[in-house]
Amino acid sequence: MFPAAATPRRELPPARAAEGTDRAEPADRSSSADGAEGAAAPAPKSGGRHAFFDNAKYLAIVLVAMGHSWEPLTDGSRAAEALYMTVYTFHMPAFIIISGYFSRSFDMRKDRLQRLVTGVAVPYVLFETAYAFFKRWADDDPGHPISLLDPWFLTWFLVALFIWRLTTPLWKIVRWPIPLAVAIAVMASVSPDIGDDLDLQRVLQFLPFFVLGLALRPEHFKLVQRRAVRIASLPVFACALVMAYWAAPRMSSAWFYHRDSAQELGTTWWIGAVMTLALFGCSIVMTACFFSWVPTRRTWFTVLGAGTLYGYLLHGFLAKGSRFWGWFDDYAWLHSPLGEIAVTLIAGGIVTALCTPPVRRMFRFAMEPTMAWAFRKDPADTARARVGA
């Protein structure tokens, strides 16, 4: 029997692999996806990018948007709740694993730190502020604070990615990184005093997936692409849906958010530890099944994988706005089977449009700023330029 839990606020864990993390660093070419050759490579590459990872990122961000659209429907539909729980088992871990995989060569080199600031920290500050003003206006909540210490809705992942990437050099030197990360996640899940600052519960409870990504190599992704794994994934997904349908009225979906401790979910500490380990195992299996069906060739949506940061951050305004403006309450037909299908397709279409190159060009100033003016010039580079001149 799953532990029952009080229903918390539903701010759903989104997902994204930050722009600039989908390329392997040149210094790590010997073990990176970009540097792998022949059968060891998980996917063909074009222009320094691998189709497999772009495809995986796009498909995962579509599932994120669909999950947000299903959330208002879950109270009245056990089937919607079951599908919702199943998807939330793996779409977030998939994004985090990819983020970890492309962080393997991260160190404290100046250019990498600059990209971390411009590609993660700056978008966090801008969108945390933008979401705060949006909530003040759309939810008629003029007193809603702007707090960089309390990420709201989607922005928690930017904080997490910033922290995870800074700790990458530490995970490279420990002997058993994955067991250590899992132990930290378990300890966090039973520590209610961690609080809400920087959403550290999520940072710590999702940490094992990032560390797992750091440990993976191209051949590991090749393994899950085997025909046998694809075939086996079908009954696994079917069993997961059946299990989720059974668990829907018995278990709070808040367990999948990894946002609260066990005590905050109304259960005992040891159940929290067991649930953390069980969900980690389930997420790994489901993520492997998801990766097994991701195309390795270039498709019509491969190019959209480079814009998942845009789709991720921008679709949040509509996801929250639909709730603030009562769309799901005003249009009862949305809660019918046909309405649920329509909502799913609309969510997928919107996030797809937000990942397109025109949208990326329009919002690049906020998500991929260069900000050369903000950083000191390297004296060595200046000296080399003089010599070259």
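**View 1. Helices α1 and α2 cross in a left-handed way.** What you're looking at here, as in every view below, is a predicted model. Two packed helices are described by the angle between their axes and the distance between the axes. For α1 (residues 51-70) and α2 (residues 78-101), the angle is about 145° and the axes lie 9 Å apart.

**View 2. Here are the residues where α1 and α2 meet.** On the α1 side, look for F53, A56, K57, A60, I61, L63, V64, G67, H68 and W70. Their partners in α2 are L83, Y84, V87, Y88, F90, H91, F95, I98 and Y101. Sort this contact by class and you get 15 nonpolar residues, three polar and one charged.

**View 3. Helix α4 is mostly covered.** This helix spans residues 156-166, and eight of its eleven residues are buried. The buried ones are W156, F157, L158, V159, A160, L161, W164 and R165. So what sits over them? The cover includes α2, the helix already seen in the earlier views, along with α3 (110-138) and α5 (168-173). Also part of that cover are α7 (200-205), α8 (207-215) and α12 (308-324).

**View 4. Two cysteines, C289 and C355, are tucked out of reach.** C289 counts as buried because its relative accessible area, 6%, is under 20%. C355 is buried too, with a relative accessible area of 1%. How many disulfides does the structure hold? Zero.

Key. Residues are numbered from 1 along each chain as its sequence is written. This is a predicted model: local features need pLDDT of at least 70, side-chain atom pairs count only at pLDDT 80 or more; totals for chains, interfaces and linings use all residues. Side-chain values use heavy atoms; hydrogens and water are left out. Axes are lines fitted to C-alpha atoms, for helices over the stretch in contact, and angles run from 0 to 180 degrees between N-to-C directions. Helices (H or I, at least four residues) and strands (E, at least two) are DSSP runs, numbered from the N terminus. A crossing is left-handed if the near helix is turned anticlockwise from the far one by less than a right angle, and right-handed if clockwise. Contact means heavy atoms within 4.5 Å. Ala, Val, Leu, Ile, Met, Phe, Trp, Tyr, Cys and Pro count as nonpolar, Asp, Glu, Lys and Arg as charged, and the others, Gly among them, as polar. Buried means under 20% relative accessible area, exposed over 50%, partly exposed in between (1.4 Å probe, protein chains only). A disulfide is a pair of cysteine sulfur atoms within 2.5 Å.
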